[in-house]
Amino acid sequence: MPPLLVENVTKSFRQGQRVVQALAGVTLAVERGQFLAIMGASGSGKSTLLHLMAGLTTPDSGKVMVNGTELPSLTDRELTLFRRRQIGLVFQAFNLIPTLSAEENLALPLMLDGSISGADRAKVDQLIQRLGLAARRHHRPDALSGGEQQRVAIGRALVCDPAVLLADEPTGNLDSANSKAVCELLRDLSVMHGKTIVLVTHEPSVAAYAQEVAVIRDGRLVERFPVENGDGEQLAIRYQECLK
Ligand code: ADP
Ligand code: MG
């Protein structure tokens with residue numbers, strides 16, 4: 001079974017008198033080690049889909065399975081634990097704790113899970129090296145660049161070895177150099193370390209780092225296609241076609 005499976009999910013929101021259908025029946029599987037970018041215009045339902053995959057919201061109908069577990073079947077408490085261990089989440093905002101160092105922020109999910117073992121320390125060390133944060137490990141967030149803060153947030157999302165890494169517009173607050181570094185990091189995590197990654201973005205230059213693109217429009221998946229050799233221009237053309 002793929003680590004991430006979404007079957008015919010629907011979700012609507014009430015906005016005053018109006019009911020907005022954010023997702024109108026989406027089916028999507030993500031294979032192990034795959035790096036998928038979900039693209040779509042603002043309001044197309046991207047974040048709603050990602051939040052459903054993360055168990056942050058429940059679908060009105062349909063199924064969400066992560067690593068063989070159906071999320072809506074879990075109690076709140078089970079879901080909290082499941083999320084901490086199986087789902088890595090990264091948002092546009094870095095959400096780091098200002099009084100903790102880079103290393104402490106990164107290790108936070110392990111601390112929440114109990115005391116930190118020797119093996120955990122080795123893992124934190126390895127992640128810090130891999131993320132290029134060795135020289136910054138003792139710095140607090142306000143002494144780090146945006147790109148470094150997002151790398152810490154990605155480390156925090158990965159420290160429990162989740163089945164999937166979900167990222168919602170992770171480069172939205174970054175300048176182009178930092179954005180590129182974060183995209184390259186995500187690609188390396190997928191290609192070199194076999195991480196399963198779902199990235200939400202509306203920017204073709206960011207989606208170009210993924211292996212595949214799924215386009216969502218008005219709450220429906222309209223197309224899914226491979227990214228040819230990281231070609232952002234080709235991707236941008238194909239994406240624009242989907243939005244016509
Ligand atoms: P995207 O991430 O692609 O910009 P969203 O998934 O955030 O889109 O939103 C899809 C639609 O659902 C939008 O019309 C949005 O206004 C609506 N929506 C999303 N979340 C809520 C909410 N919590 N309450 C009401 N409406 C919402
Ligand atoms: Mg969004």
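This passage describes a central sheet and the helices around it in a predicted model. Local features need pLDDT of at least 70, side-chain atom pairs count only at pLDDT 80 or more, and totals for chains, interfaces and linings use all residues. Residues are numbered from 1 along each chain as its sequence is written, and side-chain values use heavy atoms, without hydrogens and water.

Six strands (E, at least two residues, DSSP runs numbered from the N terminus) form an open sheet. The order is S6-S7-S8-S3-S9-S10, with mixed pairing (at least two DSSP bridges between two strands). Strands S6 (87-90) and S10 (220-226) are the edges, and each pairs on one side only. The twist averages 20 degrees from one strand to the next. S7 (residues 164-168) and S8 (residues 197-200) run parallel and are joined by four bridges. Here Leu166 stands opposite Val198 of S8.

Helix H6 (residues 176-191; helices are DSSP runs of H or I, at least four residues) lies across S3 (35-39), S7 and S8. H6 runs at about 155 degrees to S8 (axes are lines fitted to C-alpha atoms, for helices over the stretch in contact; angles run from 0 to 180 degrees between N-to-C directions). Helix H8 (residues 232-243) packs on the sheet, touching S3, S9 (212-217) and S10 (contact: heavy atoms within 4.5 Å). Its direction makes about 25 degrees with that of S9.

Helix H3 (residues 102-112) is largely enclosed by the rest of the structure, because eight of its 11 residues are buried (under 20% relative accessible area, with exposed over 50% and partly exposed in between; 1.4 Å probe, protein chains only). Among them are Leu106, Leu108 and Leu110. The buried residues of H3 pack against H2 (76-86), H4 (118-130) and H5 (146-158). Just after H3, Gly114 takes a positive phi of about 135 degrees.

Note on methods:
Chains lettered and ligands numbered in written order.
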